[in-house]
Amino acid sequence: MSKRYEKPPEVMYRIYTLRNGTKRVIRIEPWRSFQGELKKLNITEHDIFQMQMVYEYPKDL
């Protein structure tokens with residue numbers, strides 16, 4: 001296993017691509033539910049075309 005992945009990610013984001021082609025990004029918080037994310041972004045499940053999770057690792061690795 002490479003050294004880069006021995007530590008957990010520093011920050012995690014979820015990128016929502018919507019049906020109208022726009023993108024919304026939200027930082028993943030352990031206490032926030034999926035429905036909470038949608039409410040914060042003011043979107044519904046029907047608006048979502050694609051979801052992507054992005055990990056940001058510390059720069060010193």
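**Notebook: glutamate 37 and its surroundings**

I started with glutamate 37, which sits in helix α1, residues 34–41. Note to self: this is a predicted model.

**Entry 1: the glutamate**

Is glutamate 37 buried or exposed? I looked up its relative accessible area and got 1%. The cut-off for buried is under 20%, so glutamate 37 counts as buried.

Next I wanted to know which side chain makes a polar contact with the side chain of glutamate 37. That turned out to be tyrosine 16, at 2.5 Å. Leaving out residues up to four places away in sequence, I listed what glutamate 37 touches: Arg14, Tyr16, Ile26, Ile28 and Arg32.

**Entry 2: the helix**

I then went through the rest of α1. Its buried residues are Glu37, Leu38 and Leu41. Looking down the helix axis, I find these buried residues within an arc of 95°, so they line one face of α1. Lys39 and Lys40 are on the other side of the helix, and they are exposed.

What do the buried residues of α1 pack against? I noted three strands here: β1, β2 and β3.

I also checked what comes right after the helix. Asparagine 42 follows α1, and its phi is positive, near 60°.

**Entry 3: the sheet**

On to the strands. They form an open sheet of 3 strands, in the order β2-β1-β3, and the pairing is antiparallel. The edges are β2 (23–27) and β3 (48–56), each pairing on one side only. For the twist I have an average of 20° from one strand to the next.

How many bridges link β1 and β3? I have 8 down for this antiparallel pair. I also looked up threonine 17, whose bridge partner in β3 is glutamine 50.

**Entry 4: the core**

Last, I pulled up the largest nonpolar core. It has 7 residues in all: Tyr16, Leu18, Ile26, Leu38, Leu41, Ile43 and Ile48. Which elements give two or more residues to this core? I wrote down β1 (11–18) and α1.

Tyr16 came up again here: this core residue is also the polar partner of glutamate 37. Ile26, too, is on the core list and among the residues that glutamate 37 touches.

I finished with isoleucine 43, another member of the core. Again setting aside residues up to four places away in sequence, isoleucine 43 touches Tyr16, Leu18, Arg24, Leu38 and Ile48. Of these, I found Tyr16, Leu18, Leu38 and Ile48 on the core list.

Notes
Residues numbered from 1 in each chain as written. Predicted model: local features only at pLDDT ≥ 70, side-chain atom pairs only at ≥ 80, totals over all residues. Heavy atoms only, no water. Helix = DSSP H or I, 4+ residues; strand = E, 2+ residues; numbered from the N terminus. Buried < 20%, exposed > 50% of the residue type's maximum accessible area, 1.4 Å probe, protein only. Polar contact = N/O pair within 3.5 Å; in protein donor to acceptor, adjacent residues only side chain to side chain. Contact = heavy atoms within 4.5 Å. Core = buried A, V, L, I, M, F, W, Y, C linked by side-chain atoms within 4.5 Å. Pairing = 2+ DSSP bridges. Axes fitted to C-alpha atoms, helices over the stretch in contact; angles between N-to-C directions. Arc of directions from axis to C-beta.
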